[in-house]
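User: Please take a close look at the aromatic rings in this model. I would like to know which rings pair, how they meet, and what lies around them.

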Amino acid sequence: MFVSDALNVNQLGHLTIGGRDTVELARTFGTPLYVMDEQEIRRSCRSYRKSMEEFYHGHGLVAYASKAMCCKAICQIVKEEGLGLDVVSGGELYTARQVDFPMEKIFFHGNNKTPEELMMALEYEVGHIVVDNLPELELLSQLAASQKKTAHILFRIKPGIDAHTHNFVRTGQIDSKFGFALETGEAMAAVKAAIAAENIQLDGLHCHIGSQIFGKEPFELAAKVMVNFIGDIKDATGYEIKMLNLGGGYGIKYLPEHDPIEYDQYMLSVSEVVKSECQARGVQLPFIVMEPGRSIVGPAGITLYTVGAVKEIPGIRTYISIDGGMGDNPRYALYQSEYEAIVANKAGEPKSMRVTVAGKCCESGDLIGEGMMIQQVQAGDILAVLATGAYNYSMSSNYNRIPKPAVVLVNGEDARVIVKRETMEDIVRNDL
C-alpha cells in the first residue's frame, strides 16, 4: 500500500510511522518535522550485512553513505549495526568522531578535499582516503610525510558507465567531476604514481556510477570493468589491488508504481560477476566494499507539514501551501524528484484531489511536487511527504532565513528529538 513498510493507517484513519500516529507527532513536536523509524533503518543495515556475509563470506564491508543523512544519532545506529561509514567532508568526519566511530572503518571521499580536511583525516587515522585526482595524491603524500604517517588510499575510477539516471546524479561516465578516467590512461598513470609515492599505500579502487538506479545491469557492468582494471594493473605493474569499493546508488520506492529490485539481488548478481571476472583474470578476490545510503535511510523517513492556504486557479491547477518547502526539501527544484504525499489525518480516505504542493519560500520554483494526488485537503490538515529520509535534512538550507526543522526518531513507543529545531537566534548566531 505504501512506499515503505514503516508506514500504516491506524483505527483513527491517521498515517502512522513505526506504529506512531503522525498527527500526534506533529502536534507534539510541531511542523515542519522530519520523522524517521529507527527499526526500519536497523533492518536495512542488517539486510546489507547479511548479504555481504552470504555472497562474499564476510570478506567485505558495508559502509553507510552518510551524505544521505548525517547526524550523531544516525552515525551511532550505523556504528552499533557494525557498518562502516562513507564521509565526504570534514563536517561529516567530525560528526562521526563525536560518537567514537571506528576510524579504521571510514572512507573519506570528495573531489576537492582541502589541506585542512586531509590533515584531519591523517590526525584521526581514517581507514582509507579515496583520492580523486593527481594534485590530491601529491598533496596527501606531502602532508603524510610531514606527519611521518602512511596514508592508505583508494583511487576513485570512472568506469564509463551510463546509469540512465538524472544528469546531476550520474557520476560514472567520463564527463564527470569525479575520479580518474580509464579511457585516457589517466587511471593507470595515477596507479603507477601512487606505487612510487612516498608515504602512500594504494590498497584499492573505488567507483560509483550514480544514484537511484533500478536495474542490475549497470552495477554488473561496473563490476566487470573494475575487476578487469585490477587485472590490467597486475599485468602492467605486478601490483595486486586488495580492495574494491563498488559504491552505492541502489534505487528506492518513491512512488507506488516504482518497483526496485530487492537489495540482496543486487548483491548476489554483482558478486557473481566479481568472482567470475577475478577467476578469468587470475587475480585474488578483493575485499569488497559497498556504500548504500539512500536505500538505508530514505524509506525510513517522512516529512510532516501543516497545510495553509488552498488556492484554486480554475482550469489551471490547485495550489496547497505548506509551512516548509525547498528549504527542507530542495530535490524537486534540483532534480524534479517525485514523491508520494498523504493527508496524514485523512490517510484512510481515497485520494481524490490533484494538487501542486507549494512551499513558503519567495521563489516560484519552491515546489514539492506537481499533479500530486492526495485526499481532500483544507487549511490545518497535516500533509506527509513520504520517503524523505535521504537527502532532505542533509540538503536543507536557511533560504529566506527560515529555521531548519527538527528531526525525530521513533522506536516503538519512544519518540525522541535527535536534531533540535532551529530557532531565530540560531539564524543570527554567526552574524557580526
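Analyst: What follows covers the ring pairs, then the charges over rings, then one pocket. Bear in mind that the model is predicted.

Start with the pairs. A pair of aromatic rings is described by the distance of the centres and the angle of the planes. Rings count as paired if their centres lie within 6.5 Å. By this rule there are ten aromatic pairs. One of them joins Y34 and Y393. Their centres are 6.0 Å apart and their planes stand at 85 degrees. Planes over 60 degrees apart count as edge-to-face, so the Y34 and Y393 pair is edge-to-face.

This pair links distant parts of the chain. Y34 belongs to strand β4, residues 33-37. Y393 sits in the loop between β19 (382-386) and β20 (406-411). The two residues are 359 apart in the chain.

Is each partner buried or exposed? Buried means under 20% relative accessible area. Y34 has 3%, so Y34 is buried. Y393 has 21% relative accessibility, so Y393 counts as partly exposed.

Now take F219 and Y266. Their rings also form an edge-to-face pair. The centre-to-centre distance is 5.2 Å, and the planes are 75 degrees apart. F219 lies in helix α8 (residues 217-237), while Y266 lies in helix α9 (residues 263-281). The pair therefore ties together parts that are 47 residues apart in sequence. Both F219 and Y266 are buried.

F219 and Y266 also belong to a cluster. Ring pairs join them there with Y48, Y250 and Y263.

Next, the charges over rings. R97 lies over the face of Y124, 4.0 Å from the ring centre. K275 places its charged end over the ring of Y56, at 5.9 Å from the centre.

Finally, the second largest pocket. Its space comes to about 540 Å³. The lining has 20 residues. Closest to the pocket centre are D5, E40, E262, Y263 and P299. Y263 is one of the cluster residues as well. Helices α2 (38-56) and α9 are the elements that give two or more residues to this lining. The largest share, five residues, comes from α2. By class, the lining of this pocket has eight nonpolar, five polar and seven charged residues.

Key:
Residues are numbered from 1 along each chain as its sequence is written. This is a predicted model: local features need pLDDT of at least 70, side-chain atom pairs count only at pLDDT 80 or more; totals for chains, interfaces and linings use all residues. Side-chain values use heavy atoms; hydrogens and water are left out. Rings of Phe, Tyr and Trp (its six-membered ring) pair if their centres lie within 6.5 Å; planes under 30 degrees apart count as stacked, over 60 as edge-to-face and the rest as tilted. Helices (H or I, at least four residues) and strands (E, at least two) are DSSP runs, numbered from the N terminus. Buried means under 20% relative accessible area, exposed over 50%, partly exposed in between (1.4 Å probe, protein chains only). A charge sits over a ring if NZ of Lys or CZ of Arg is within 6 Å of the ring centre and within 35 degrees of the ring normal. On a 1 Å grid over the protein atoms alone, a cavity is a set of points where a 1.4 Å probe fits but cannot get out, and a pocket is an open set with protein on both sides within 12 Å along at least five of seven lines; lining residues have an atom within 4 Å of a point. Grid points are joined across faces, edges and corners, and a volume is the space filled by probe spheres set on the points. Ala, Val, Leu, Ile, Met, Phe, Trp, Tyr, Cys and Pro count as nonpolar, Asp, Glu, Lys and Arg as charged, and the others, Gly among them, as polar.
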